[in-house]
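Work through the exercises below with the model open beside you. Try each task before you read its solution.

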Amino acid sequence: MALKAGVIGLRMGRSHVAGYVQNPNTEVTVVCDIDEAQARRVADEYGVPEVVADYRELLEQELDLVSVATPDQLHAEHCLAALEAGAHVLCEKPMAQTVEECEQMVAAADASGKQFMIGQVCRFAPGFALTKKLIDDGMIGKLFLVESEYAHDYTHVKGVGGWRVDPVRLREPFVGGACHAVDLLRWIAGNVAECHAFANRFVLTDWPVNDCTVANYRFESGVVGQVMCSIGGKRPYTMRSCFYGDSGTIISDNTSPTIQVYSTKYPTTLQFSTMPVNLASHNVASEIAQLVDAILNDKPVPTDVREGARTVATCRAAVESAATGQPVQVKNDF
Ligand SMILES: NC(=O)c1ccc[n+]([C@@H]2O[C@H](COP(=O)([O-])OP(=O)(O)OC[C@H]3O[C@@H](n4cnc5c(N)ncnc54)[C@H](O)[C@@H]3O)[C@@H](O)[C@H]2O)c1
């Protein structure tokens, strides 16, 4: 019998509905959005039988699985309630806004015995997945430097109701946006030990948060790395990422049909090739397929509650370091 799924928040959540509808082992029985007209549109488009405006009503139903795709500031509240209701949870990135919320979510996920996956969707972008495989297979030798970026002009992307510019419940772009880049580097190079970051606000001067941050990271392995986050820079959205090893380099992003590989493992000295990849920068259907497989076959999910928490903590370290001017040790012991 198909797993019954419910989805809360129906803009990005619309991709979750599509992913569940596409999956042979799931069906969406209810969707929720405080904007009922939006919920009705999505329900009609995907043949979902029930629409509610209050997430508590959704959680009263018999559901195996709940997706939380509401504004970042609401993830902790909605995920904790979904776990309490006895559902497996898929939470959009970032897992939460603060380390304290992450600690609560780790405890709740452990107590529930349910699967809890964070939608760090870059792990499912074909270019990044191939990059990770080539690095794991030794194509560029021993890693020493990793770089990624989140450059996404938010000038007109304030979120429904303006949650990205909320002056009280600050939505830090380095947590909400750069978590993509941070998670990618953590996936490939492991946990980060220490961060020193710098930030400014020269473009979106009427926003309540810094619009540009550069974070330097020292990984536990000794690899060094950098993440740049700009939400005001005028250029197309992409996540150009470079991975340097002692025998080669890979340059990839989530919006190009190829990745670039330089490797001395080719017959002559330093050779270059481009490798084709599919274009699927927001591959939510693959993300959902892996979660469903984990639930049905009792396997670990790729980005569990602790991975989600470490990515948030690594992002928060950059926000704190930029604010204080001091290096910050990253919390990894969740
Ligand atoms: N994985 C990705 O690449 C990706 C891309 C975009 C957004 N996101 C994440 O998805 C989440 C949603 O982002 P978005 O771009 O869809 O935002 P949005 O502002 O466009 O849409 C949010 C939706 O949630 C609804 N909502 C707000 N409060 C609600 C509540 N209490 N109960 C039910 N519905 C509520 C709003 O009415 C709106 O329809 C955020 O956490 C964001 O960071 C992830």
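**Exercise 1. Place G190 and classify its exposure.**

Step 1. Locate G190: it lies in the loop between α8 (179-189) and β8. Helices (H or I, at least four residues) and strands (E, at least two) are DSSP runs, numbered from the N terminus. Residues are numbered from 1 along each chain as its sequence is written. This is a predicted model: local features need pLDDT of at least 70, side-chain atom pairs count only at pLDDT 80 or more, and totals for chains, interfaces and linings use all residues.

Step 2. Recall the cut-offs. A residue is buried if 20 or more other C-beta atoms lie within 10 Å of its own, exposed if 12 or fewer, and partly exposed in between, with C-beta atoms placed from the backbone.

Step 3. Apply them. G190 has 16 C-beta neighbours inside 10 Å, so G190 counts as partly exposed.

Step 4. List the contacts. Two residues are in contact if their C-beta atoms, placed from the backbone, lie within 7 Å. Leaving aside neighbours within four places in sequence, G190 is in contact with F219, E220 and S221.

Step 5. Check a distance. G190 and A76 are 114 residues apart along the chain, and their C-alpha atoms are separated by 25 Å.

**Exercise 2. Is D211 buried or exposed, and which residues does D211 touch?**

Step 1. Find D211 in the loop between β8 (192-200) and β9 (212-219).

Step 2. Count neighbours. D211 has 21 other C-beta atoms within 10 Å, so D211 is buried.

Step 3. Leave out residues up to four places away in sequence. D211 then touches P173, R201, V203, L204, S230, I231 and G232.

Step 4. Take P173 from that list. P173 and D211 are 38 residues apart along the chain, with 7.1 Å between their C-alpha atoms.

**Exercise 3. Do the same for D253.**

Step 1. Look in the loop between β12 (248-252) and β13 (258-263); D253 is there.

Step 2. Classify it. D253 is buried because 21 other C-beta atoms lie within 10 Å.

Step 3. Name the contacts. Not counting residues up to four places away in sequence, D253 touches G127, T238, M239, R240 and S241.

Step 4. Compare sequence with space. D253 and G127 are 126 residues apart in sequence and 6.5 Å apart in space, C-alpha to C-alpha.

**Exercise 4. Describe how α5 packs against α10.**

Step 1. Know what to look for. Two packed helices are described by the angle between their axes and the distance between the axes.

Step 2. Read the values. Helix α10 covers residues 305-324, and α5 packs with α10 at an angle of about 175°, with the axes 10 Å apart. Axes are lines fitted to C-alpha atoms, for helices over the stretch in contact, and angles run from 0 to 180 degrees between N-to-C directions.

Step 3. Name the arrangement. Angles under 35 degrees count as roughly parallel, over 145 as roughly antiparallel, 65 to 115 as roughly perpendicular and the rest as oblique. Therefore α5 and α10 are roughly antiparallel to each other.

Step 4. List the residues. α5 gives V99, C102, M105, V106 and A109, while α10 gives V305, R306, A309, V312, A313 and R316.

Step 5. Sort them by class. Ala, Val, Leu, Ile, Met, Phe, Trp, Tyr, Cys and Pro count as nonpolar, Asp, Glu, Lys and Arg as charged, and the others, Gly among them, as polar. The contact has nine nonpolar, no polar and two charged residues.

**Exercise 5. Find where the ligand lies relative to the domains.**

Step 1. Divide the chain into domain 1 (3-121 + 284-301) and domain 2 (123-280 + 312-329). These bounds come from an automatic or database domain assignment.

Step 2. Look at the domain contact. Domain 1 gives 17 residues and domain 2 gives 17 residues.

Step 3. Look at the ligand shell. It has 24 residues, and the closest are G9, R11, M12, G159 and V160. A residue is near a molecule if its C-beta atom, placed from the backbone, lies within 6 Å of it.

Step 4. Draw the conclusion. Domain 1 and domain 2 both give residues to the shell, so the ligand lies between them.

**Exercise 6. Check the backbone at P94 and D298.**

Step 1. Recall the rule. Most residues other than glycine have a negative phi, and most peptide bonds are trans.

Step 2. Test P94, in the loop between β5 (88-92) and α5. The peptide bond from K93 to P94 is cis, with omega near -15°.

Step 3. Test D298, in the loop between α9 and α10. Phi of D298 is near 50°, a positive value in a residue other than glycine.
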